[in-house]
Amino acid sequence: MERRKFLKNSSLSAAGLVSASTLVACKTEPKSAAAPTASPTPSPVKPIVVCTWNFFNASEKAWEVLKSGGNALDAVEQGVRVEEADETNETVGKGGRPDRDGNVTLDACIMDKDGNCGSVVCMQNIVHPVSVARKVMEETPHIILAGKGAEKFAYEQGFEKEDLFTESTRKQYEEWLKTSKYETTINIENHDTIGMLAIDDNGDIAGACTTSGMAYKVAGRVGDSPIIGAGLFIDNEVGGATATGVGEEVIRTVGSFLIVELMRQGKSPQEACEEGVKRIMKKNEGRKDFQIGFLAINKNGETGGYCVHPGFTYREYSDNGHENREVVSFYE
């Protein structure tokens, strides 16, 4: 699958962030996308699926579920599972890059129309964390299971143990060990996420998010992706949102929840995503060393996205067609 690389001029420190000495003050005025035009009472667009990045195969699978009459929850689960099983995608599922100790750890969450949600964090040896997260939601009184507990629960639910390393990622890790320097470029290959949102024929919304996190991260690190309200949030009365990029910055603003609440207040998905990024940048004035991308959809099927730096895209699939949409950015 084709990946867009971007932001190769930055690197991360041992804590996953660039030191203050490398930051430069930016005099560029934030760029704002024009709000999409819509009638006062737009007709709902359904079914529809959107996902972060140009994950064509994943969105196509989710679309097949929706067009066959399936519900939004099944669509997003089946959609992101495609990427979890794709060994060439080194940011999600099997083939994801390991942490500094050589362990491939996966994070995922899922949320339905009723606000039910499930999550697994720092889980090893299971290819499909999103499906384990759904089992957490449906089979336990809990929302989040972590580490060995999540893995044990997965086995109890019938999931099989599997080595998540591939020949490619093992060789890359062995090469990294020669220097053990945590200096990686900020791009989709290093750390990223597939976040997916869908509306079914009933007008109900669901979402899912899954990742292997930052390559060569500190063991035990968890980003925003499996955190309900940060990497993903659904409110069936309003819409849904998901995030991608450096998760620490999304967590600090509870980004996806913020965007849904902004839509509740009357903002379009585009306007809400812009506001979400700008709030992050207000707290990080002058910083240019990280990427954040937000994607949102409202109850009427209107979509929007916004990011810190150029390069973030999202895939949209509906009866109106399917395309990979480039997103306007805070910095040009």
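Reader: What makes Asn125 count as buried?

Author: This is a predicted model, and in it the relative accessibility of Asn125 is 17%. Because a residue is called buried when that value is under 20%, Asn125 at 17% belongs to the buried class. Its place is in the loop between strand E3 and helix H3, and its phi is positive, at about 70°, although Asn125 is not a glycine.

Reader: Why is His128 called buried?

Author: His128 is called buried because its relative accessible area is 15%, and the class covers values under 20%. His128 is found in the loop between E3 (117–123) and H3 (129–139). With its neighbours within four places in sequence left aside, the residues in contact with His128 are Arg81, Glu84, Ala85 and Phe159.

Reader: Why is Ser180 called partly exposed?

Author: The relative accessible area of Ser180 is 41%; because buried needs a value under 20% and exposed a value over 50%, Ser180 is placed between the two classes as partly exposed. Ser180 lies in the loop between helix H5 and strand E5, and its phi, near 50°, is a positive value in a residue other than glycine.

Reader: What makes Asp201 partly exposed?

Author: Asp201 has a relative accessible area of 43%, and because partly exposed is the class between under 20% and over 50%, that is the term for Asp201. Asp201 sits in the loop between E5 (193–199) and strand E6 (205–211). Not counting residues up to four places away in sequence, Asp201 touches Lys46, Pro47, Leu66 and Gly69. The C-alpha atoms of Asp201 and Ile48 are separated by 8.9 Å, with their positions 153 residues apart along the chain.

Reader: What is the peptide bond from Lys46 to Pro47, cis or trans?

Author: The bond from Lys46 to Pro47 is cis, with omega near -10°, and Pro47 belongs to the segment before strand E1 (48–52).

Reader: How many aromatic pairs does a search of the whole structure find?

Author: The search finds 9 aromatic pairs. One of them joins Phe56 and Tyr317, with 6.4 Å from centre to centre and 40° between the planes. Because rings pair when their centres lie within 6.5 Å, and planes neither under 30 degrees nor over 60 apart count as tilted, the pair of Phe56 and Tyr317 is a tilted one. This pair links distant parts of the chain, Phe56 being in helix H1 (residues 56–67) and Tyr317 in strand E11 (residues 313–318), 261 residues apart. Phe56 is partly exposed, with a relative accessible area of 26%, whereas Tyr317, with 9%, is buried.

Reader: Why is the pair of Tyr173 and Trp176 called stacked?

Author: The centres of these two rings are 6.0 Å apart and their planes lie at 20°; because planes under 30 degrees apart count as stacked, the pair of Tyr173 and Trp176 is given that name. Both Tyr173 and Trp176 are buried. Being 3 residues apart in H5 (residues 167–176), they are separated by about one helical turn. Ring pairs also link Tyr173 and Trp176 with Phe165 and Tyr216 into a cluster.

Reader: What lies over the face of Phe165?

Author: Arg170 lies over that face, at 4.3 Å from the ring centre of Phe165. Over the face of Tyr331 there is Lys288, at 5.2 Å from the ring centre.

Reader: How do you know that H1 and H2 are roughly antiparallel to each other?

Author: The axes of H1 and helix H2 (residues 72–85) come within 7 Å and cross at roughly 155°. Because angles over 145 degrees count as roughly antiparallel, H1 and H2 receive that description. H1 passes H2 in a right-handed crossing. Among the residues that meet there are Ala58, Lys61 and Val65 in H1 and Ala75, Gln78 and Val82 in H2.

Reader: Why are H7 and H8 called oblique to each other?

Author: The axes of helix H7 (residues 255–264) and helix H8 (residues 269–282) cross at roughly 135° and come within 9 Å. Because roughly antiparallel needs an angle over 145 degrees, and roughly perpendicular covers 65 to 115, H7 and H8 are oblique to each other. Their crossing is right-handed. The contact is made by Leu258, Ile259, Leu262 and Met263 of H7, together with residues of H8 including Pro269, Ala272, Cys273 and Arg279.

How values were computed
Residues numbered from 1 in each chain as written. Predicted model: local features only at pLDDT ≥ 70, side-chain atom pairs only at ≥ 80, totals over all residues. Heavy atoms only, no water. Helix = DSSP H or I, 4+ residues; strand = E, 2+ residues; numbered from the N terminus. Buried < 20%, exposed > 50% of the residue type's maximum accessible area, 1.4 Å probe, protein only. Lys NZ or Arg CZ within 6 Å of the ring centre and 35° of its normal. Axes fitted to C-alpha atoms, helices over the stretch in contact; angles between N-to-C directions. Parallel < 35°, antiparallel > 145°, perpendicular 65-115°, else oblique. Left-handed = near helix turned anticlockwise from the far one by under 90°. Contact = heavy atoms within 4.5 Å.
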